[in-house]
Amino acid sequence: MKKLLLIQCLVLFLLPNSVKSQPLYYPPTSPTATWETIDPSSLGWCQTRIDNLYAFLEQENSKGFIVLKIIKLF
């Protein structure tokens, strides 16, 4: 168990040096500013399902919705 924990700590310590990621993004605080967006087709997402999601959110009278894309490193 201790050996596994040591290996995990080493991986976490060495990982930031070997993986380059995008800088952190913080949405603008100004109400008139534009948030950054990514075209869903560039991620290979299905446009039909996105349209269905928008319809569902409107039907449910949603006030906000965030999609978090997780990137698998291993």
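What follows is a walk through the fold, the surface and a few individual residues of this predicted model.

Starting with the overall picture, the protein chain runs to 74 residues, and just 4% of them count as buried. Its accessible surface adds up to about 7,800 Å², with carbon and sulfur atoms accounting for 63% of that. As for secondary structure, the chain has two helices and zero strands. The helices are α1, spanning 2–18, and α2, spanning 47–59.

α2 is made up of 13 residues. From its first C-alpha to its last, α2 covers 18 Å, which sits close to the 18 Å expected at 1.5 Å a residue.

Between α1 and α2 comes a loop, and Tyr 26 is found there. Tyr 26 has a relative accessibility of 63%, and because the cut-off for exposed is over 50%, this residue counts as exposed. Tyr 26 can also be paired up with Glu 36: the two are ten residues apart along the chain, and their C-alpha atoms are separated by 9.4 Å.

On the other side of α2, things get a little less ordinary in the backbone. Most residues other than glycine have a negative phi. Asn 61, which follows α2, goes the other way, with a positive phi near 60 degrees, although Asn 61 is not a glycine. Asn 61 belongs to the segment after α2, and its relative accessible area of 52% is over the 50% cut-off, so Asn 61 is exposed.

That segment after α2 is also home to Phe 65. Here the label changes: Phe 65 comes in at 49% relative accessibility, which falls between the 20% and 50% cut-offs, so Phe 65 counts as partly exposed.

Phe 65 is also one of the members of a nonpolar patch on the surface. Its partners in the patch are Ile 38, Leu 43, Trp 45 and Val 67. Together, these five side chains' residues put about 470 Å² of accessible area on show.

Notes: Residues numbered from 1 in each chain as written. Predicted model: local features only at pLDDT ≥ 70, side-chain atom pairs only at ≥ 80, totals over all residues. Heavy atoms only, no water. Patch = residues over 30% accessible without salt bridge, like charges linked within 9 Å, V, L, I, M, F, W, Y side chains within 5 Å. Areas by Shrake-Rupley, 256 points an atom, 1.4 Å probe, with all protein chains shown as cover. Salt bridge = Lys/Arg side-chain N within 4 Å of Asp/Glu carboxyl O. Helix = DSSP H or I, 4+ residues; strand = E, 2+ residues; numbered from the N terminus. Buried < 20%, exposed > 50% of the residue type's maximum accessible area, 1.4 Å probe, protein only. Expected span 1.5 Å × (residues − 1).
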